[in-house]
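Subject: The structure I promised you

Hi,

Here is the structure we talked about, ready for you to open and turn around on your screen. Have a look at it first, then read on for what turned up.

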Amino acid sequence: MSAEAVGAGQDSFEGGLRKVARVVLLDPQDRILLLHGHEPDDPADDWWFTPGGGVEGDETREQAALRELAEETGITEVELGPVLWRRKCSFPFAGRRWNQDEWYYLARTDRTEIAAAGLTELERRSVAGARWWTCPELTRAHETVYPTRLAGLLRTLLDEGPPARPVILDPEIV
């Protein structure tokens, strides 16, 4: 995926938006956990992203965030903090276009070992691992990271604490 983010209005998202809950998981050293993903049939087309995924059935976004975090990392002993950011995004992945309304929840953990035992079949084919990143490492990274402004958002979070209300990020269309 190329990471060109363009500002676009709500009407740029065709069809229904998939409700997604993501987790900005920080460890005691204020490192953020990111998963390393790639196209299932092209590992060279790769990027980094926060744990999370789609809301299933009648679960709340909070429930989805905790479930996805457990499935993708094995980490279950967290309390979700506030919603930090919200964004709408649209991107191609695994042969289709995904249109998402993503909410990013803050969470902290003392556990840094990852055990991704609950991945779906598609996730097993497209998630190559996980890594804890410091803010300076993220700022210097040449890899593609989503959301594209994550380094600056993390710096603001660490310097100022969580926002009083969720920050609405510019839509990203890839």
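Let's start with one residue: in which strand does Glu172 lie? Glu172 belongs to strand β10, which covers residues 172-173. Before going on, please keep in mind that this is a predicted model, and the values below are computed from it.

**Glu172 and its partners**

Is Glu172 buried or exposed? Its relative accessible area is 5%, and buried means under 20%, so Glu172 counts as buried. What does its side chain touch? One polar contact, 2.7 Å long, runs between the side chains of Glu172 and Arg87. The Glu172 side chain also comes to 3.2 Å from the backbone nitrogen of Thr148.

While you're around there, look at Pro147. Pro147 sits in the loop between β8 (145-146) and α4 (150-160). The peptide bond that leads from Tyr146 into Pro147 is cis, and its omega is near -5°.

**The largest pocket**

Next, the open space. As a general point, rolling a probe the size of a water molecule over the atoms shows where empty space is left. In this model the largest pocket holds about 590 Å³ of space. Its lining is made up of 36 residues, and the ones nearest the centre are Arg18, Arg22, Phe49, Phe91 and Phe93. Several elements give two or more residues to that lining, among them β1 (18-26), β3 (42-49), α1 (61-73) and β6 (96-108). Which element gives the most? That's β5, with five residues. If you sort the lining by class, you get 15 nonpolar, 10 polar and 11 charged residues.

**Helix α1**

Since α1 helps to line the pocket, here is a bit about the helix itself. α1 has 13 residues, and the distance from its first C-alpha to its last is 18 Å, close to the 18 Å expected at 1.5 Å a residue. Its buried residues include Ala64, Ala65 and Leu69, and also charged ones such as Arg61, Arg67, Glu68 and Glu72. Just after the helix comes Gly74, with a positive phi of about 80°.

**Aromatic rings**

I also went looking for rings that pair up. In general, a pair of aromatic rings is described by the distance of the centres and the angle of the planes. How many aromatic pairs does a search of the whole structure find? It finds four. One of them is Trp47 with Phe93, an edge-to-face pair with 6.0 Å from centre to centre and 85° between the planes. This pair ties together distant parts of the chain: Trp47 is in strand β3, Phe93 is in strand β5, and they are 46 residues apart. Trp47 and Phe93 are both buried.

Another pair is Trp85 with Tyr104, which is tilted, with 5.7 Å between the centres and 55° between the planes. Here too, distant parts of the chain are linked, as Trp85 lies in strand β5 and Tyr104 in strand β6, 19 residues apart. Trp85 and Tyr104 are buried as well. You can also find a cluster, in which ring pairs link Trp47, Phe93 and Trp98.

**Some loops to look at**

Two loop residues have a positive phi without being glycine. Asp30, in the loop between β1 and β2, has a phi near 65°. Ala94, in the loop between β5 and β6, has a phi of about 55°.

How accessible are they? Asp30 has a relative accessible area of 27% and Ala94 has 34%. Partly exposed covers the range between 20% and 50%, so Asp30 falls into that class, and so does Ala94.

Ala94 has a polar partner, too: its backbone nitrogen lies 3.1 Å from a polar atom of the Glu39 side chain. Glu39 is in strand β2, and with a relative accessible area of 15% it is buried.

Last stop: Val55, in the loop between β4 and α1. Val55 is partly exposed, at 24% relative accessibility. Its C-alpha is 5.7 Å from that of Val20, although Val55 and Val20 are 35 residues apart along the chain.

Happy to go through any of this with you at the screen.

Cheers

How values were computed
Residues are numbered from 1 along each chain as its sequence is written. This is a predicted model: local features need pLDDT of at least 70, side-chain atom pairs count only at pLDDT 80 or more; totals for chains, interfaces and linings use all residues. Side-chain values use heavy atoms; hydrogens and water are left out. On a 1 Å grid over the protein atoms alone, a cavity is a set of points where a 1.4 Å probe fits but cannot get out, and a pocket is an open set with protein on both sides within 12 Å along at least five of seven lines; lining residues have an atom within 4 Å of a point. Grid points are joined across faces, edges and corners, and a volume is the space filled by probe spheres set on the points. Helices (H or I, at least four residues) and strands (E, at least two) are DSSP runs, numbered from the N terminus. The expected span of a helix is 1.5 Å times one less than its number of residues. Buried means under 20% relative accessible area, exposed over 50%, partly exposed in between (1.4 Å probe, protein chains only). A polar contact is a pair of N or O atoms within 3.5 Å; within protein, one must be able to donate a hydrogen and the other to accept it, and residues adjacent in sequence count only if both atoms are side-chain atoms. Rings of Phe, Tyr and Trp (its six-membered ring) pair if their centres lie within 6.5 Å; planes under 30 degrees apart count as stacked, over 60 as edge-to-face and the rest as tilted.
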